[in-house]
Amino acid sequence: DSAMMLAEFYQAKLILGSATPSLESYDLAMKDKLRYVSINERFGKVDLPKFEIIDIKEAQNQKKIVGNFSQKMIDEINLQLDQKKQTIILHNRRGYANVIECETCGHVTYCSNCDVVMTYHKASNELKCHYCGHRSGKPTICPSCNSDNLNTKGVGVEQIEEETQKIFSDAEVDRMDVDSMRKKFAYEKLYEKLENGETDILVGTQMISKGLDFDNIELVAIPKADSLIHVQDFRAQERAYQLITQVAGRAGRVSGNGKILIQTYNPSHSVFELIKNQNAKEIYNYFLDERKKFLYPPFVKLIMIELKHRKEDKINRASQFLGSILRKYIPEECILGPEKSPIARLNNLYQYQILLKFPKNKNYKIYKELLLKSFDEFDEITAYKSVKKDVFVDF
C-alpha cells in the first residue's frame with residue numbers, strides 16, 4: 001500500500017512481484033485495477049516440484065510412525081541422503097515445546113507480563129515469552145503443588161531437530177530459526193555449510209522459506225502441516241498456502257526433481273487438496289469465495305481499534321464508552337465489539353478491541369470523518385487521556 005501511494009505521488013510505474021501475491025492484490029488484478037503479468041514457468045524452464053500428501057492418522061493406525069515422522073517421510077529423506085542430496089524440514093514454531101505442564105495438578109507457567117503461556121527452549125534450558133521477551137529458568141518442581149511430575153506438551157522446531165538427529169544419526173542436521181541465528185555471522189556460516197554440501201538436513205521455521213537458492217535441495221518435508229492452518233486469524237489459510245508455496249520453491253531449482261511432502265491429519269482439507277493440484281487460479285478463487293461468504297477483505301474494509309491501559313477496569317469502561325460513541329455515528333451492523341483482545345494482556349497492558357467492517361466501494365471519506373469525529377469526542381474525556389489507542393486499517 002505504501003509503495004502504491006508513493007508511486008501515485010511521483011506518477012511512477014510500480015511493479016509488485018511475488019510468487020504468492022496477497023488476495024487483495026490478486027483481486028485488484030482480476031478487476032483490472034492492476035495489470036496482471038503471470039510467469040507460468042520456473043527459471044531455466046525447470047519442472048515445478050511435485051506435492052504429496054501423507055495421512056498421518058493412517059500411519060499411526062498402521063504403527064508406521066517414529067515421533068512426528070511417518071515411515072514414508074523417513075524413507076524419502078533416507079533416499080535423499082543416499083543420493084547425497086539435501087533436505088529442508090519446515091516447522092513454523094519456535095522453541096522446544098509449547099508448554100511445560102504439571103501432570104499432577106495441571107499447572108502451567110504464564111508470563112508475568114502477558115497472558116500467554118511461556119514456551120520451553122531446550123537449547124538454553126529456559127522458558128521464554130515470544131511476545132515481550134521475558135525469560136525464566138526451567139522449573140524442576142511444580143510451583144503450585146511441588147510435584148516433580150512435569151511434562152512438555154506441543155512440538156517446537158527444536159524438538160523436530162532433536163528427533164531428526166536421532167532418526168538420521170549419520171546426517172549433519174542444522175537448525176535455522178530466530179534463536180539459532182542470533183550469533184554474529186550465524187547466517188553466513190550456515191549458508192556456507194549448505195553451499196559446500198556439509199549440511200544434509202536443514203530444519204527451520206518460516207525463515208527458510210524465502211531466499212535460499214541451493215542446487216542440491218530436492219526435498220521439502222512439512223511434518224506438522226496442520227499447525228499452519230489452525231491459527232486464530234482469517235488469513236490463516238492464505239498464509240499457510242503462501243508459506244508452503246514459498247518453501248516449495250526451494251526444492252529442485254536446478255534438477256526439476258523437487259518433491260514436497262505434507263504430513264497432515266486432514267488430507268482432504270481443501271487447502272492441501274488445492275496446493276497439491278498447483279492451480280493458483282483455483283486456490284485464489286476458493287479463498288475469495290470464503291472471504292465473500294464471511295465478509296472479510298477484499299470485500300469489506302476492516303478497521304481495528306485497539307485500546308491499551310495498565311488498569312483493566314479502566315480500559316473496559318473506556319472501550320464501552322468508545323463503542324457507544326461509534327454506534328451513534330456508524331451503523332450497528334458495521335461494529336463488532338468492544339471485546340477483550342485474543343491475548344488480553346501484553347507487556348502489562350490490558351487490551352480491548354473494536355472491529356469495524358465497512359462495505360466496499362462506499363464513500364470511505366464519510367466513514368473516515370465519522371470515525372475521526374468519534375475519536376475527538378472520546379479524547380475530550382480527561383479520564384481517558386492515558387488510554388493508548390492504535391488504529392489498524394486492513395491489517
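## Close-up views of salt bridges and helix contacts

**View 1. Lysine 301 pairs with aspartate 394.** Lysine 301 has a relative accessible area of 22%, so the residue counts as partly exposed. Remember as you look that this is a predicted model. Aspartate 394 is partly exposed too, with a relative accessible area of 24%. Side chains of opposite charge can pair when their charged atoms come close. Here aspartate 394 and lysine 301 form a salt bridge, and their closest N and O atoms are 3.3 Å apart. Lysine 301 belongs to strand β14 (residues 300-309), while aspartate 394 lies in the segment after β17 (388-393), so this pair ties together parts that are 93 residues apart in sequence.

**View 2. Salt bridges that share partners build one network.** Look for Arg94, Glu126, Lys128, Arg135, Asp179 and Arg182, which are joined into one network by salt bridges with shared partners. One pair to pick out is arginine 182 with aspartate 179, whose side chains meet in a salt bridge (3.5 Å, N to O). Which of the two is buried and which is exposed? Arginine 182 counts as exposed because its relative accessibility is 52%. Aspartate 179 is buried, because its relative accessible area is 14%. For the wider picture, the count of salt bridges comes to 34.

**View 3. Glutamate 238 reaches arginine 291.** These two residues form a salt bridge, with 2.7 Å between the closest N and O atoms. The pair links distant parts of the chain, 53 residues apart: glutamate 238 sits in helix α8 (residues 236-248) and arginine 291 in helix α10 (residues 280-294). Buried or exposed, what are glutamate 238 and arginine 291? Both are buried.

**View 4. Helix α8 packs against helix α10.** Two packed helices are described by the angle between their axes and the distance between the axes. The axes of α8 and α10 come within 11 Å and cross at roughly 165 degrees. Angles over 145 degrees count as roughly antiparallel, so α8 is roughly antiparallel to α10. Their crossing is left-handed. From α8, the contact uses Gln237, Glu238 and Tyr241, and from α10 it uses Ala280, Ile283, Tyr284, Tyr286, Phe287 and Arg291. Sorted by kind, the residues of this contact are six nonpolar, one polar and two charged. You have met Glu238 and Arg291 already, as the salt-bridge pair of View 3.

**View 5. Helix α2 meets helix α10.** Helix α2 (residues 23-30) packs with α10 at an angle of about 100 degrees, and their axes are 11 Å apart. This angle makes α2 roughly perpendicular to α10. On the α2 side you can find Leu23, Glu24, Tyr26 and Asp27, which meet Lys281, Tyr284, Asn285, Phe287, Leu288 and Arg291 in α10. The residues of this contact divide into five nonpolar, one polar and four charged.

**View 6. Helices α11 and α12 cross.** How do helix α11 (residues 312-329) and helix α12 (residues 364-379) lie, and at what angle do their axes cross? Their axes come within 9 Å and cross at roughly 140 degrees. The two helices are therefore oblique to each other. The crossing of α11 past α12 is right-handed. In α11, Ala318, Phe321, Leu322, Ile325, Leu326, Lys328 and Tyr329 take part, meeting Leu370, Leu371, Lys373, Ser374, Phe375, Glu377 and Phe378 in α12. Among the residues of this contact, 10 are nonpolar, one is polar and three are charged.

Terms used:
Residues are numbered from 1 along each chain as its sequence is written. This is a predicted model: local features need pLDDT of at least 70, side-chain atom pairs count only at pLDDT 80 or more; totals for chains, interfaces and linings use all residues. Side-chain values use heavy atoms; hydrogens and water are left out. Axes are lines fitted to C-alpha atoms, for helices over the stretch in contact, and angles run from 0 to 180 degrees between N-to-C directions. Helices (H or I, at least four residues) and strands (E, at least two) are DSSP runs, numbered from the N terminus. Angles under 35 degrees count as roughly parallel, over 145 as roughly antiparallel, 65 to 115 as roughly perpendicular and the rest as oblique. A crossing is left-handed if the near helix is turned anticlockwise from the far one by less than a right angle, and right-handed if clockwise. Contact means heavy atoms within 4.5 Å. Ala, Val, Leu, Ile, Met, Phe, Trp, Tyr, Cys and Pro count as nonpolar, Asp, Glu, Lys and Arg as charged, and the others, Gly among them, as polar. A salt bridge is a side-chain nitrogen of Lys or Arg within 4 Å of a carboxyl oxygen of Asp or Glu. Buried means under 20% relative accessible area, exposed over 50%, partly exposed in between (1.4 Å probe, protein chains only).
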